[in-house]
Amino acid sequence: MTSKLFAVFLSLWMVAAPVPVMAQQPAANANPQQQLQQQEAAATPQAQAAAQLETARKNLERLAEVITKAKDDDNRLAELKVEIDAAAKQIIATSVAIRPRLDEIKARLAELGDPPAEGAPPEADVVAQERKRLLAERGAINALTGTAEDLSVQATKLSNGITATRRVLFSNTLLKHTDINRTMVMDAIAAISLERQTFMRTVGSWLTFAWNFKRLQLLSALFLSLCAALVLLAGTRRLFSPFIHRGVLNEEPGYITRLSVAFWSTMIPTMAAAAFATTSYFFLQVFNVLRPDIAPIVSVTLAVCVAVLFVSTLANAVLAPGQSAWRLVRVSDRGARLLAWSIFAMTVVNGLDYLASTISEVMGSPIVLTVVKSLIASIIIGLILMAMSLIKPLVAAGQTLDSQGKPWPRPVWLLFVLTGAALIMAALSGYVGLARFVATQIVMTGAILVTMYLGILTGKAVAKQNALADTVVGRYLERRFGMEQIGLDQAGLVAGLGIYALVVLLFIPLILLQWGFQIADIQAWAYRLFTEIRIGSITISITGILAGILLFAAGFVVTRWFQRWLDSNVMARSRIDPGVRNSVKTGVGYLGLALAGLIGISAAGLDLSNLALVAGALSLGVGFGLQNIVSNFVSGLILLVERPFKVGDWVVTGTTEGFVRRISVRATEIETFQRQTIMVPNSLFINASVGNWTHRNKLGRSDIPVTVGYDAAPRQVMDTLLQIANAHPLVLKNPEPQAVFSAFGEATMTFELRIYLADIVNGNGVRNDLRLAIYERFREEGLGAPFPKETLEPEVSLPQPEPEIVAARKTPDEAVEQPVVDEPVRRSGTQRRPRRVSVEAVGDKD
Amino acid sequence: MKAFVSAFVLTVIAAFPAWSATVTNKDGEPAVLVVVEGESRMEVAISAGSTESICPSGCFITTPSGDRLGLQGDETIEIVNGSAVVK
């Protein structure tokens with residue numbers, strides 16, 4: 001507690017302390033120092049800007065050179081473009097930084113005024129000199145900005161040049177035409193043996209080198225990457241084992257199970273393999289095991305292995321050639337086997353094509369060799385596609401999966417044949433790059449799309465209501481963490497959304513990479529997506545908005561914490577009135593919320609000055625639609641300040657009566673005696689009269705009317721009533737109870753017993769006790785009976801809402817018994833017929 | 001509560017500032033600015049009293065008074081006596 005108080009004082013002091021210090025500083029620095037500083041500052045920004053621009057110029061020159069060198073390297077060009085765009089931004093920022101100085105000079109020049117016209121008396125020498133100096137400086141700044149302008153144009157030109165180069169590069173790789181003829185093939189065949197020799201020699205020498213000098217590094221790199229892959233594989237397998245494992249089930253697995261098994265059994269081994277490939281390449285690189293001539297070959301080999309694994313596991317997962325129960329598509333056993341094999345073969349051929357072309361590139365083989373290799377690969381893939389059209393995988397509706405299948409429907413068959421033929425034609429006519437690109441798209445993009453589709457279906461299945469609870473994971477969560485049905489359902493929803501996010505974030509970049517975009521492009525897009533989305537002239541920054549929301553949430557949490565701390569630690573101990581406490585707490589809450597909102601809005605980059613416009617629009621809205629809400633809101637604030645009632649008070653307004661449970665900013669929550677909660681708009685409390693039984697204190701008067709026939713002695717009745725009232729422990733002695741003869745009726749006299757209670761909330765119970773006592777005493781003393789003589793039936797009391805506290809805690813015994821014991825039993829023998837005495841329930845309302 | 005939320009959303013939408021630089025000509029005669037944006041160098045004429053939006057992503061302008069300014073793209077500029085005043 002002390003430490004907290006201390007912290008508060010400290011923070012208050014810290015807030016308060018800088019104010020006088022800041023106030024003093026300008027005064028102290030006012031004259032000579034300030035001028036000196038200004039002069040220094042004046043010299044620096046221009047010099048700084050000049051230096052920065054010089055750096056930028058050199059940077060641009062360097063980049064231009066690099067671009068000329070890297071004009072064939074698409075990846076490098078993409079990175080360079082990002083760099084140049086950043087440089088262009090920097091140039092503009094530099095020139096923006098010298099703008100204030102220009103403004104200063106302009107202001108000073110305006111102060112000095114125009115030079116005197118001809119014939120006018122000459123001005124002071126100092127003024128003329130200063131004008132001259134300022135004009136020179138202005139000129140220098142303009143020259144500097146001019147340089148920046150030129151550099152900026154140059155940077156933009158470079159950037160656009162890169163875009164053009166990359167476009168040409170892309171179309172070149174795709175549409176480059178090579179004449180396929182006999183000489184070319186002959187050349188290629190001649191080159192093959194040469195390349196083989198070079199390759200063997202290179203790899204052999206590298207292996208010897210690695211084994212002799214880098215043995216430890218090689219082995220440890222492999223070991224570490226294997227470890228990483230194993231950890232990943234084991235961990236995910238453990239976590240997702242029900243999703244991956246294809247058990248031999250008695251009944252056929254459900255569609256959702258098959259789907260998720262297919263998705264995860266593709267994803268997890270692929271991810272593990274990718275992790276292995278990446279880490280092993282990384283470690284080999286870090287330990288300097290790779291040589292520049294070997295590194296590309298190793299990386300492409302690893303990538304091809306991962307790709308082949310991915311496509312083949314996917315084909316296996318979807319087609320499940322061995323286990324027809326797990327098959328996702330309805331094809332025959334034989335068809336599934338053949339299809340899986342052809343897809344695998346296509347992938348392998350495509351992968352080998354890439355590997356071979358990398359080897360040729362690294363070994364410096366003639367370009368014809370690469371072309372011929374790709375040509376062969378494309379033709380093979382085309383042939384496989386055409387062969388696939390001959391497979392008869394479809395199963396007629398009534399038949400089992402192991403039966404002889406039907407051929408493809410005509411359009412599918414045609415698609416296979418035409419694609420295959422087009423590939424072969426393109427390759428043979430010299431467009432090898434195009435053929436290769438299309439083949440890769442068919443294999444890889446197709447596989448990625450299929451996986452995406454599976455992933456989205458899985459996410460949908462997992463997110464379905466109660467889907468997770470029925471799975472093994474759900475049962476495990478239930479057992480291990482004792483999660484409830486609702487918790488599991490929500491977890492399922494989160495998992496489903498997570499799978500969607502995974503699918504989108506993982507596969508869309510993969511597809512883009514497939515299409516020839518570079519990682520730098522994707523990064524730049526992602527960066528732009530999060531920092532500035534431009535719609536017309538409006539820019540929206542997602543990060544800004546997220547930061548605003550985060551700040552708002554943080555402010556909200558801090559406010560709640562502060563509120564609770566203030567309430568329970570400070571105000572509770574300083575014995576402040578609960579009403580004030582509640583008001584302060586609520587007020588602090590709204591204040592904090594408003595502050596957090598303002599901070600959030602400004603962090604999100606919203607201009608608060610634009611709010612003036614909004615306020616204008618809103619005031620119109622307030623005039624019409626929001627009038628009620630605003631009036632209630634303001635009333636709520638008034639209630640908080642004025643405090644006509646506090647939480648727990650017993651209030652009456654209009655037809656509503658009950659205990660105040662909560663005062664919030666729009667409405668006040670009132671709980672009636674029947675436990676019905678009523679939201680009363682705050683404006684009602686301000687505009688109408690409000691009765692409060694417990695405003696300053698809880699003292700209150702409660703009346704009990706008693707009607708007695710005319711043959712009773714009024715004084716005796718009144719005495720008895722007072723005796724009964726005085727005997728009750730909860731009835732106050734001061735102000736003392738009163739018995740009043742209040743009215744003459746047609747056949748009855750009406751008395752009223754008025755009692756004061758320290759806590760009016762107990763009224764119902766006390767009245768109940770007193771009525772019992774009155775009845776019993778009157779009976780004993782023969783004063784009358786509290787029911788009409790004619791019917792001899794107790795009067796049914798009106799349904800009266802009763803506070804339950806009262807009903808619960810009353811034990812009337814003591815109060816009632818005492819007078820009975822005190823009174824001698826002498827009158828008990830006198831039998832008098834009951835007179836017309838009735839106790840009315842009217843006016844019992846309190 | 002719904003009303004508050006919708007009011008808040010409305011406020012936020014309306015408070016989104018226009019981010020491109022706006023130039024207002026406060027002079028009595030049209031002002032001609034030379035705007036260098038990206039690779040292009042163009043002249044933008046702003047008639048007296050009117051406002052134009054230029055260069056959302058940063059540019060350089062040359063004002064009628066001959067001064068050159070670099071703009072980030074989110075400024076509000078007034079042309080007073082042929083010279084630019086950045087707000």
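Two residues are in contact here if their C-beta atoms, placed from the backbone, lie within 7 Å. With that in hand, let us walk through this predicted model, starting with a pair of helices.

**Helices H13 and H14 of chain A**

Leu423(A), Ala426(A) and Ala427(A) on the H13(A) side meet Val432(A), Leu434(A), Ala435(A), Val438(A) and Ala439(A) on the H14(A) side. Sorted by class, this contact holds eight nonpolar residues, with no polar and no charged ones. The two axes come within 7 Å and cross at roughly 150 degrees, which makes H13(A) roughly antiparallel to H14(A). Their crossing is left-handed.

**The core around them**

Two of the residues just named, Leu423(A) and Ala435(A), turn up again in the largest nonpolar core, which has 67 residues. They are listed with Val311(A), Leu319(A), Leu339(A) and Ile381(A) as the residues with the most contacts inside this core. Which helices supply at least two residues each? They are H9 (255–286), H10 (295–319), H11 (333–363), H12 (367–388), H13 (410–428), H14 (432–463) and H16 (485–514) of chain A. The largest share, 13 residues, comes from H14(A). In soluble globular proteins, nonpolar side chains tend to be buried together.

Leu319(A) deserves a look of its own. Leaving out residues up to four places away in sequence, Leu319(A) touches Arg327(A), Val329(A), Val331(A), Ala336(A), Leu339(A) and Ala340(A). Of these partners, Leu339(A) is also on the list of residues with the most contacts inside the core.

Apart from the largest core lies another one, of 40 residues. Its members include Ile105(A) and Ala148(A) from chain A, along with Ala21(B) and Ile61(B) from chain B.

**A second helix pair**

Further along chain A, helix H23 (residues 714–727) packs against helix H24 (residues 763–781) at an angle of about 135 degrees, with the axes 10 Å apart. That angle makes H23(A) oblique to H24(A). H23(A) passes H24(A) in a right-handed crossing. From H23(A), Thr720(A), Leu721(A), Ile724(A) and Ala725(A) take part, and they meet Leu770(A), Ala773(A), Ile774(A), Arg777(A) and Glu781(A) of H24(A). This contact divides into six nonpolar residues, one polar and two charged.

**A glycine in a loop**

Gly648(A) is found in the loop between helix H21 (627–642) and strand S3 (650–653) of chain A. Is Gly648(A) buried or partly exposed? Gly648(A) counts as partly exposed because 13 C-beta neighbours lie inside 10 Å, whereas a buried residue needs 20 or more. Beyond residues up to four places away in sequence, Gly648(A) touches Phe659(A) and Val660(A). Phe659(A) is eleven residues from Gly648(A) in sequence, and their C-alpha atoms are 5.5 Å apart.

**The two chains side by side**

The table sets out some overall values for each chain.

| Chain | Helices and strands | Residues and share buried | Contacts with a separation of at least 6 that join residues at least 24 apart |
|---|---|---|---|
| Chain A | 26 helices, eleven strands | 846 residues, 28% buried | 75% of contacts |
| Chain B | one helix, eight strands | 87 residues, 30% buried | 44% of contacts |

Read along the sequence, chain B follows the pattern α-β-β-β-β-β-β-β-β.

Technical notes: Residues are numbered from 1 along each chain as its sequence is written. Chains are lettered from A and ligands numbered from 1 in the order in which they are written. This is a predicted model: local features need pLDDT of at least 70, side-chain atom pairs count only at pLDDT 80 or more; totals for chains, interfaces and linings use all residues. A nonpolar core is a set of buried Ala, Val, Leu, Ile, Met, Phe, Trp, Tyr and Cys residues joined through C-beta atoms within 7 Å. A residue is buried if 20 or more other C-beta atoms lie within 10 Å of its own, exposed if 12 or fewer, and partly exposed in between; C-beta atoms are placed from the backbone. Helices (H or I, at least four residues) and strands (E, at least two) are DSSP runs, numbered from the N terminus. Axes are lines fitted to C-alpha atoms, for helices over the stretch in contact, and angles run from 0 to 180 degrees between N-to-C directions. Angles under 35 degrees count as roughly parallel, over 145 as roughly antiparallel, 65 to 115 as roughly perpendicular and the rest as oblique. A crossing is left-handed if the near helix is turned anticlockwise from the far one by less than a right angle, and right-handed if clockwise. Ala, Val, Leu, Ile, Met, Phe, Trp, Tyr, Cys and Pro count as nonpolar, Asp, Glu, Lys and Arg as charged, and the others, Gly among them, as polar.
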